[in-house]
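Q: I am new to this structure and would like a close look at a single part of it. Could you walk me through one of its sheets, strand by strand, and then show me what surrounds it?

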Amino acid sequence: MAKRSGKRAARAAEKAAKKHPKLFAAVVVLLVIVLVAAACYYFFVYRPKHPDAPGDGDGVTVVGGDVAEITSADLSIHFVAPAVKASGDCTLIKVGDTEVLIDAGPSKANTSEIIDYLGDYCTDGVIEYVIATHSDEDHIAGFVGSKSGGVRNGIFYSTEYTIGTLIQFDRVVTETSLYGEYCDAVEYIQEKGAQVYTGLQCYNNEDGAQRTYYLDEAQTISMNILYNYFYDHSAGDNNNNYSVCMLLSQKIDDEKTNHYLFTGDLEGEGEEYLVEYNDLPQVELFKAGHHGSKTSSTRELMDAIRPKYIAVCCCAGYNQYNAAEENVFPTQAFIDRVAPYTDKVYVTIMWDEETNGYKPMNGDIVFYYGKSEEESEKTLKLWCSNNSTILKDTEWFKENRTWNGA
Ligand SMILES: [Zn+2]
(Lines give C-alpha, C1' and ligand atoms only; values in the text may rest on other atoms or scores of the structure.)
Protein backbone atom coordinates (compact mmCIF):
# COMPACT_ATOMS: atom_id res chain seq x y z
CA MET A 1 0.00 0.00 0.00
CA ALA A 2 2.65 2.48 1.05
CA LYS A 3 4.77 1.35 -1.88
CA ARG A 4 1.93 1.79 -4.35
CA SER A 5 0.95 5.27 -3.10
CA GLY A 6 4.66 6.15 -3.20
CA LYS A 7 4.77 5.19 -6.87
CA ARG A 8 1.62 7.16 -7.48
CA ALA A 9 3.11 10.23 -5.84
CA ALA A 10 6.26 9.87 -7.93
CA ARG A 11 4.18 9.66 -11.12
CA ALA A 12 2.17 12.73 -10.06
CA ALA A 13 5.39 14.62 -9.40
CA GLU A 14 6.71 13.61 -12.84
CA LYS A 15 3.51 14.88 -14.43
CA ALA A 16 3.63 18.15 -12.54
CA ALA A 17 7.26 18.62 -13.53
CA LYS A 18 6.35 18.23 -17.20
CA LYS A 19 3.29 20.50 -16.93
CA HIS A 20 4.80 23.34 -14.86
CA PRO A 21 8.59 22.96 -15.14
CA LYS A 22 9.37 26.41 -13.64
CA LEU A 23 7.00 26.03 -10.70
CA PHE A 24 8.35 22.52 -10.03
CA ALA A 25 11.94 23.76 -10.03
CA ALA A 26 11.02 26.58 -7.66
CA VAL A 27 9.38 24.13 -5.23
CA VAL A 28 12.46 21.89 -5.31
CA VAL A 29 14.79 24.86 -4.68
CA LEU A 30 12.58 26.03 -1.80
CA LEU A 31 12.60 22.55 -0.27
CA VAL A 32 16.39 22.38 -0.49
CA ILE A 33 16.70 25.81 1.18
CA VAL A 34 14.40 24.76 4.02
CA LEU A 35 16.34 21.52 4.54
CA VAL A 36 19.73 23.27 4.54
CA ALA A 37 18.45 25.93 6.96
CA ALA A 38 17.10 23.24 9.30
CA ALA A 39 20.40 21.34 9.18
CA CYS A 40 22.36 24.56 9.85
CA TYR A 41 20.13 25.37 12.82
CA TYR A 42 20.53 21.86 14.21
CA PHE A 43 24.31 21.64 13.89
CA PHE A 44 25.33 25.23 14.60
CA VAL A 45 22.66 26.43 17.03
CA TYR A 46 20.76 23.54 18.60
CA ARG A 47 23.52 20.93 19.02
CA PRO A 48 26.16 23.22 20.53
CA LYS A 49 23.58 24.32 23.14
CA HIS A 50 22.30 20.78 23.69
CA PRO A 51 25.41 18.63 23.57
CA ASP A 52 23.44 15.69 24.92
CA ALA A 53 20.99 15.78 22.02
CA PRO A 54 20.66 12.40 20.33
CA GLY A 55 22.63 11.94 17.15
CA ASP A 56 24.78 9.50 15.30
CA GLY A 57 28.26 8.13 15.80
CA ASP A 58 30.90 8.89 18.36
CA GLY A 59 30.26 12.62 18.34
CA VAL A 60 27.58 12.48 20.99
CA THR A 61 28.48 9.49 23.09
CA VAL A 62 27.17 10.23 26.54
CA VAL A 63 28.68 8.20 29.30
CA GLY A 64 26.73 7.79 32.46
CA GLY A 65 24.61 10.87 32.31
CA ASP A 66 23.65 14.13 30.66
CA VAL A 67 23.81 17.87 31.28
CA ALA A 68 20.71 17.93 33.52
CA GLU A 69 22.21 15.13 35.59
CA ILE A 70 25.48 17.03 35.92
CA THR A 71 23.78 20.23 37.11
CA SER A 72 22.02 18.31 39.86
CA ALA A 73 25.14 16.41 40.97
CA ASP A 74 26.66 17.02 44.42
CA LEU A 75 29.92 17.99 42.76
CA SER A 76 31.09 18.39 39.18
CA ILE A 77 34.56 19.07 37.79
CA HIS A 78 34.70 20.35 34.21
CA PHE A 79 37.82 20.48 32.07
CA VAL A 80 36.64 22.93 29.45
CA ALA A 81 38.14 22.22 26.02
CA PRO A 82 39.89 25.26 24.55
CA ALA A 83 38.31 26.68 21.38
CA VAL A 84 41.73 27.24 19.83
CA LYS A 85 44.63 25.10 18.66
CA ALA A 86 46.60 25.31 21.89
CA SER A 87 47.20 23.54 25.14
CA GLY A 88 45.77 25.39 28.11
CA ASP A 89 43.81 25.03 31.29
CA CYS A 90 40.31 26.06 32.23
CA THR A 91 38.66 24.02 34.98
CA LEU A 92 35.28 24.69 36.50
CA ILE A 93 34.24 23.11 39.80
CA LYS A 94 30.59 23.33 40.78
CA VAL A 95 29.04 22.47 44.15
CA GLY A 96 25.42 23.60 44.28
CA ASP A 97 25.49 27.31 43.53
CA THR A 98 29.14 27.64 44.44
CA GLU A 99 31.69 27.67 41.62
CA VAL A 100 35.47 27.57 41.53
CA LEU A 101 37.17 28.53 38.28
CA ILE A 102 40.79 27.42 37.97
CA ASP A 103 42.51 29.33 35.15
CA ALA A 104 40.75 30.69 32.11
CA GLY A 105 42.18 29.07 29.01
CA PRO A 106 44.91 29.93 26.53
CA SER A 107 43.24 32.52 24.36
CA LYS A 108 42.47 36.22 24.75
CA ALA A 109 40.20 36.04 21.72
CA ASN A 110 38.08 33.02 22.61
CA THR A 111 36.79 33.95 26.03
CA SER A 112 33.17 33.95 24.80
CA GLU A 113 33.25 30.12 24.54
CA ILE A 114 34.21 29.90 28.21
CA ILE A 115 31.60 32.46 29.20
CA ASP A 116 29.00 30.47 27.21
CA TYR A 117 30.09 27.28 28.94
CA LEU A 118 29.85 28.96 32.35
CA GLY A 119 26.34 30.08 31.38
CA ASP A 120 25.10 26.48 31.50
CA TYR A 121 26.39 25.90 35.02
CA CYS A 122 26.90 29.18 36.86
CA THR A 123 23.41 30.62 36.82
CA ASP A 124 23.54 32.99 39.80
CA GLY A 125 26.05 35.41 38.28
CA VAL A 126 28.68 34.81 40.98
CA ILE A 127 31.87 32.82 40.63
CA GLU A 128 32.69 32.45 44.30
CA TYR A 129 36.33 31.45 43.87
CA VAL A 130 38.89 31.85 41.12
CA ILE A 131 42.36 30.34 41.21
CA ALA A 132 44.97 31.77 38.86
CA THR A 133 47.64 29.07 39.12
CA HIS A 134 50.52 30.92 37.48
CA SER A 135 51.17 33.75 35.07
CA ASP A 136 51.67 31.83 31.82
CA GLU A 137 49.48 32.89 28.92
CA ASP A 138 47.78 29.51 28.50
CA HIS A 139 46.33 29.96 32.00
CA ILE A 140 45.57 33.66 32.43
CA ALA A 141 44.84 34.94 28.88
CA GLY A 142 41.12 34.30 29.31
CA PHE A 143 40.92 36.39 32.47
CA VAL A 144 42.18 39.40 30.51
CA GLY A 145 40.59 38.88 27.10
CA SER A 146 41.09 41.00 24.01
CA LYS A 147 40.21 44.65 23.58
CA SER A 148 37.63 45.93 21.13
CA GLY A 149 36.25 49.47 21.15
CA GLY A 150 38.08 50.14 24.41
CA VAL A 151 36.28 47.24 26.11
CA ARG A 152 37.91 43.97 27.16
CA ASN A 153 36.07 40.65 26.89
CA GLY A 154 38.03 38.72 29.55
CA ILE A 155 36.24 36.87 32.31
CA PHE A 156 37.34 39.43 34.91
CA TYR A 157 35.67 42.12 32.80
CA SER A 158 32.50 40.12 32.13
CA THR A 159 29.32 41.97 33.02
CA GLU A 160 27.62 38.60 33.60
CA TYR A 161 29.81 37.42 36.48
CA THR A 162 31.01 38.82 39.76
CA ILE A 163 34.16 37.32 41.28
CA GLY A 164 34.12 36.54 45.01
CA THR A 165 37.65 35.56 45.99
CA LEU A 166 40.72 35.30 43.77
CA ILE A 167 43.61 33.09 44.89
CA GLN A 168 46.66 33.78 42.78
CA PHE A 169 50.33 32.86 42.35
CA ASP A 170 52.84 34.47 44.72
CA ARG A 171 55.60 35.05 42.18
CA VAL A 172 56.41 35.52 38.50
CA VAL A 173 59.66 34.98 36.62
CA THR A 174 59.06 37.70 34.03
CA GLU A 175 56.69 40.64 34.14
CA THR A 176 55.36 40.20 30.60
CA SER A 177 52.92 42.64 29.01
CA LEU A 178 50.18 40.04 29.54
CA TYR A 179 51.09 39.94 33.21
CA GLY A 180 50.68 43.71 33.34
CA GLU A 181 47.24 43.40 31.73
CA TYR A 182 46.37 40.65 34.18
CA CYS A 183 47.32 42.93 37.11
CA ASP A 184 45.01 45.62 35.69
CA ALA A 185 42.20 43.06 35.46
CA VAL A 186 42.82 41.98 39.06
CA GLU A 187 42.67 45.62 40.16
CA TYR A 188 39.38 45.94 38.30
CA ILE A 189 37.72 43.03 40.13
CA GLN A 190 39.20 44.25 43.42
CA GLU A 191 37.52 47.61 42.92
CA LYS A 192 34.27 45.73 42.36
CA GLY A 193 34.68 43.98 45.72
CA ALA A 194 36.67 40.81 45.05
CA GLN A 195 39.02 39.58 47.79
CA VAL A 196 42.48 38.85 46.41
CA TYR A 197 44.95 36.54 48.13
CA THR A 198 48.00 34.54 47.18
CA GLY A 199 48.56 30.80 47.60
CA LEU A 200 50.90 31.46 50.53
CA GLN A 201 48.46 33.78 52.31
CA CYS A 202 45.83 31.05 52.04
CA TYR A 203 48.16 28.32 53.23
CA ASN A 204 49.16 30.49 56.22
CA ASN A 205 45.58 31.59 57.00
CA GLU A 206 46.87 35.17 56.82
CA ASP A 207 45.17 38.52 56.20
CA GLY A 208 41.68 37.02 56.00
CA ALA A 209 42.73 34.30 53.57
CA GLN A 210 41.94 30.68 54.42
CA ARG A 211 43.75 27.41 53.83
CA THR A 212 40.40 25.60 53.67
CA TYR A 213 37.21 26.83 52.09
CA TYR A 214 34.05 24.76 52.38
CA LEU A 215 32.02 24.80 49.20
CA ASP A 216 28.77 23.46 50.66
CA GLU A 217 26.77 24.35 53.75
CA ALA A 218 27.08 20.87 55.26
CA GLN A 219 30.88 21.27 55.04
CA THR A 220 31.44 17.96 53.29
CA ILE A 221 33.29 19.39 50.27
CA SER A 222 36.40 21.45 50.88
CA MET A 223 38.92 23.27 48.76
CA ASN A 224 42.32 23.02 50.41
CA ILE A 225 45.23 25.18 49.32
CA LEU A 226 48.37 23.05 49.56
CA TYR A 227 51.86 24.23 50.43
CA ASN A 228 54.07 24.68 47.40
CA TYR A 229 57.69 25.30 48.48
CA PHE A 230 58.03 27.82 45.65
CA TYR A 231 55.34 30.11 47.06
CA ASP A 232 58.13 31.56 49.18
CA HIS A 233 61.32 30.32 47.50
CA SER A 234 62.81 31.19 44.14
CA ALA A 235 62.22 28.70 41.34
CA GLY A 236 64.85 30.33 39.15
CA ASP A 237 63.50 30.71 35.64
CA ASN A 238 60.79 28.07 36.05
CA ASN A 239 57.49 29.95 36.16
CA ASN A 240 55.49 26.70 36.22
CA ASN A 241 56.80 25.88 39.67
CA TYR A 242 54.99 28.91 41.11
CA SER A 243 51.65 27.21 40.48
CA VAL A 244 49.00 27.38 43.20
CA CYS A 245 48.15 23.78 44.14
CA MET A 246 44.79 22.67 45.48
CA LEU A 247 43.31 19.47 46.86
CA LEU A 248 39.54 19.17 46.65
CA SER A 249 38.12 16.76 49.21
CA GLN A 250 34.61 15.35 49.28
CA LYS A 251 33.47 13.43 52.33
CA ILE A 252 31.19 10.64 51.12
CA ASP A 253 30.57 9.00 54.52
CA ASP A 254 32.46 8.24 57.73
CA GLU A 255 34.70 5.77 55.93
CA LYS A 256 35.19 7.33 52.53
CA THR A 257 36.48 10.66 51.22
CA ASN A 258 37.10 11.33 47.54
CA HIS A 259 40.05 13.54 46.64
CA TYR A 260 40.82 15.46 43.46
CA LEU A 261 44.18 17.13 42.84
CA PHE A 262 44.99 20.24 40.79
CA THR A 263 48.61 21.35 40.51
CA GLY A 264 48.56 23.75 37.55
CA ASP A 265 51.82 23.37 35.64
CA LEU A 266 53.95 22.41 38.65
CA GLU A 267 57.04 20.50 37.51
CA GLY A 268 59.24 17.76 38.95
CA GLU A 269 61.06 19.72 41.65
CA GLY A 270 57.85 21.36 42.79
CA GLU A 271 56.10 17.98 42.87
CA GLU A 272 58.88 16.54 45.01
CA TYR A 273 58.39 19.30 47.60
CA LEU A 274 54.62 18.95 47.30
CA VAL A 275 54.89 15.31 48.36
CA GLU A 276 57.37 16.19 51.11
CA TYR A 277 55.41 19.05 52.69
CA ASN A 278 51.81 17.87 52.28
CA ASP A 279 50.11 14.73 53.44
CA LEU A 280 48.75 13.71 50.04
CA PRO A 281 46.07 11.01 49.91
CA GLN A 282 45.16 8.69 47.05
CA VAL A 283 43.10 10.68 44.56
CA GLU A 284 40.18 9.74 42.36
CA LEU A 285 41.21 12.34 39.82
CA PHE A 286 44.41 14.16 38.95
CA LYS A 287 44.60 16.97 36.43
CA ALA A 288 47.78 15.96 34.63
CA GLY A 289 50.63 18.28 35.58
CA HIS A 290 51.69 20.74 32.87
CA HIS A 291 49.51 19.35 30.05
CA GLY A 292 51.14 15.90 30.10
CA SER A 293 54.68 17.25 29.89
CA LYS A 294 57.63 14.94 30.51
CA THR A 295 58.75 17.27 33.31
CA SER A 296 55.60 16.80 35.43
CA SER A 297 53.46 13.97 36.84
CA THR A 298 56.66 12.47 38.19
CA ARG A 299 56.99 9.04 39.74
CA GLU A 300 57.29 10.61 43.24
CA LEU A 301 53.92 12.33 42.89
CA MET A 302 52.21 9.39 41.17
CA ASP A 303 53.40 7.01 43.92
CA ALA A 304 51.89 9.33 46.53
CA ILE A 305 48.51 9.98 44.89
CA ARG A 306 47.95 6.76 42.88
CA PRO A 307 45.34 8.41 40.64
CA LYS A 308 42.32 6.50 39.35
CA TYR A 309 41.46 9.00 36.62
CA ILE A 310 43.53 11.61 34.82
CA ALA A 311 42.42 14.54 32.70
CA VAL A 312 44.96 16.16 30.39
CA CYS A 313 44.27 19.69 29.19
CA CYS A 314 46.29 19.72 25.99
CA CYS A 315 46.13 19.76 22.20
CA ALA A 316 47.44 16.25 21.59
CA GLY A 317 50.10 16.03 18.93
CA TYR A 318 50.37 19.77 18.28
CA ASN A 319 53.96 20.92 18.43
CA GLN A 320 53.08 24.36 19.76
CA TYR A 321 56.56 25.29 20.95
CA ASN A 322 58.58 23.83 18.09
CA ALA A 323 59.95 21.27 20.51
CA ALA A 324 61.67 17.95 20.03
CA GLU A 325 59.10 15.22 19.23
CA GLU A 326 59.57 13.66 22.68
CA ASN A 327 58.32 16.91 24.26
CA VAL A 328 55.03 17.10 22.36
CA PHE A 329 52.02 16.80 24.70
CA PRO A 330 50.95 14.33 25.98
CA THR A 331 54.46 12.91 26.19
CA GLN A 332 55.47 9.26 26.19
CA ALA A 333 57.34 9.86 29.48
CA PHE A 334 54.13 11.12 31.13
CA ILE A 335 52.16 8.16 29.78
CA ASP A 336 54.77 5.69 31.05
CA ARG A 337 54.64 7.18 34.55
CA VAL A 338 50.87 7.17 34.92
CA ALA A 339 50.36 3.79 33.24
CA PRO A 340 51.12 1.70 36.38
CA TYR A 341 48.18 3.43 38.10
CA THR A 342 45.53 3.94 35.48
CA ASP A 343 44.64 3.75 31.82
CA LYS A 344 41.64 6.04 32.39
CA VAL A 345 43.32 9.03 30.82
CA TYR A 346 41.27 11.65 28.96
CA VAL A 347 42.41 14.52 26.75
CA THR A 348 40.46 17.65 25.77
CA ILE A 349 41.55 18.38 22.18
CA MET A 350 43.94 17.19 19.48
CA TRP A 351 45.76 18.63 16.51
CA ASP A 352 43.97 18.16 13.20
CA GLU A 353 46.74 17.41 10.73
CA GLU A 354 44.47 17.85 7.69
CA THR A 355 43.43 21.40 8.48
CA ASN A 356 46.36 22.31 10.73
CA GLY A 357 43.65 23.25 13.19
CA TYR A 358 42.24 21.42 16.17
CA LYS A 359 39.43 19.02 16.84
CA PRO A 360 38.03 17.53 20.02
CA MET A 361 39.59 14.40 21.43
CA ASN A 362 37.29 13.74 24.41
CA GLY A 363 36.13 17.37 24.23
CA ASP A 364 34.88 18.93 27.44
CA ILE A 365 35.62 16.36 30.15
CA VAL A 366 33.28 16.33 33.14
CA PHE A 367 33.63 14.19 36.25
CA TYR A 368 30.67 14.41 38.58
CA TYR A 369 29.39 12.76 41.69
CA GLY A 370 25.74 12.03 41.08
CA LYS A 371 23.23 9.57 39.68
CA SER A 372 20.65 9.17 36.95
CA GLU A 373 16.93 8.87 37.72
CA GLU A 374 17.20 5.08 37.35
CA GLU A 375 20.18 4.70 39.66
CA SER A 376 19.80 4.40 43.41
CA GLU A 377 23.36 5.28 44.48
CA LYS A 378 25.46 8.30 43.64
CA THR A 379 28.89 7.50 42.20
CA LEU A 380 31.70 9.31 40.44
CA LYS A 381 30.72 9.45 36.78
CA LEU A 382 32.13 10.79 33.56
CA TRP A 383 30.61 12.76 30.72
CA CYS A 384 32.53 13.95 27.68
CA SER A 385 31.15 16.23 24.99
CA ASN A 386 32.76 14.33 22.11
CA ASN A 387 33.37 10.76 23.21
CA SER A 388 34.70 8.87 26.19
CA THR A 389 37.41 6.78 24.54
CA ILE A 390 40.37 6.40 26.89
CA LEU A 391 43.62 7.76 25.48
CA LYS A 392 45.33 4.42 24.85
CA ASP A 393 42.39 3.24 22.70
CA THR A 394 42.32 6.29 20.43
CA GLU A 395 43.59 6.19 16.83
CA TRP A 396 45.88 9.08 17.67
CA PHE A 397 47.53 7.13 20.46
CA LYS A 398 48.00 3.97 18.39
CA GLU A 399 49.76 6.00 15.70
CA ASN A 400 51.86 8.18 17.97
CA ARG A 401 52.49 6.60 21.37
CA THR A 402 53.04 3.22 23.00
CA TRP A 403 51.19 1.74 25.93
CA ASN A 404 53.62 0.14 28.36
CA GLY A 405 51.18 -0.31 31.20
CA ALA A 406 49.07 -3.16 32.44
ZN1 LIG B 1 50.28 25.66 30.92
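A: Here is a walk through one sheet, followed by some of the loops, the other sheet and a pair of helices.

First, a word on reading the model. It is a predicted model, in which local features need pLDDT of at least 70, side-chain atom pairs count only at pLDDT 80 or more, and totals for chains, interfaces and linings use all residues. Residues are numbered from 1 along each chain as its sequence is written.

The chain has 11 helices and 18 strands; helices (H or I, at least four residues) and strands (E, at least two) are DSSP runs, numbered from the N terminus. Of the 406 residues in the chain, 44% are buried. Here a residue is buried if 20 or more other C-beta atoms lie within 10 Å of its own, exposed if 12 or fewer, and partly exposed in between, with C-beta atoms placed from the backbone.

Now to the sheet itself. It is an open sheet of 8 strands with mixed pairing, and its order is S9-S10-S11-S12-S13-S14-S15-S16. Two strands pair if DSSP finds at least two bridges between them. At the edges stand strand S9 (212-214) and strand S16 (357-360); each has a single partner strand, so one side of each is left without a neighbour in the sheet. Neighbouring strands are turned by 20° against each other on average, direction ignored. For such angles, axes are lines fitted to C-alpha atoms, for helices over the stretch in contact, and angles run from 0 to 180 degrees between N-to-C directions.

Let us start at the S9 edge. S9 pairs with S10 in the antiparallel sense over 3 bridges, and Tyr213 stands opposite Met223 in S10. The hairpin of S9 and S10 has 6 residues between the strands, and in this hairpin Gln219 takes a positive phi near 55°.

On its way through the sheet, strand S10 (residues 221-225) also pairs with strand S11 (residues 246-251), in the antiparallel sense over 5 bridges. Met223 stands opposite Leu248 in S11, and Asn224 stands opposite Leu247. The side chains of S10 alternate: Ile221, Met223 and Ile225 are buried and point to one face, while Ser222 and Asn224 point to the other and are not buried.

Further along the chain, two loops that follow strands of this sheet are worth a stop. One lies between strand S13 (285-287) and helix H9 (299-305), and His290 is found there. His290 is not a glycine, yet its phi is positive, about 45°. It counts as buried, with 29 C-beta neighbours inside 10 Å. His291 is in the loop between S13 and H9 too, and its phi, near 60°, is a positive value in a residue other than glycine. His291 is buried, with 26 other C-beta atoms within 10 Å.

The other loop runs between strand S14 (309-316) and helix H10 (332-338), and Pro330 lies in it. The peptide bond from Phe329 to Pro330 is cis, with omega near -15°.

Next comes the other sheet. This open sheet of 8 strands has the order S8-S7-S4-S3-S2-S1-S17-S18, with mixed pairing. Strand S8 (195-198) and S18 are at the edges, each with a single partner strand, so one side of each is left without a neighbour in the sheet. The twist averages 15° from one strand to the next. Strand S7 (residues 162-168) pairs with S8 in the parallel sense over 4 bridges, and the bridge partner of Leu166 in S8 is Val196.

After the S18 edge, Ile390 sits in the loop between strand S18 (379-384) and helix H11 (395-400). Ile390 is partly exposed, with 16 other C-beta atoms within 10 Å. Leaving out residues up to four places away in sequence, Ile390 touches Asp343, Lys344, Val345 and Tyr346; two residues are in contact if their C-beta atoms, placed from the backbone, lie within 7 Å.

Finally, look at a pair of helices. The axes of helix H5 (residues 137-144) and helix H6 (residues 177-191) come within 9 Å and cross at roughly 45°. The contact is made by Glu137, Ile140, Ala141, Phe143 and Val144 of H5 and Leu178, Glu181, Tyr182 and Ala185 of H6.
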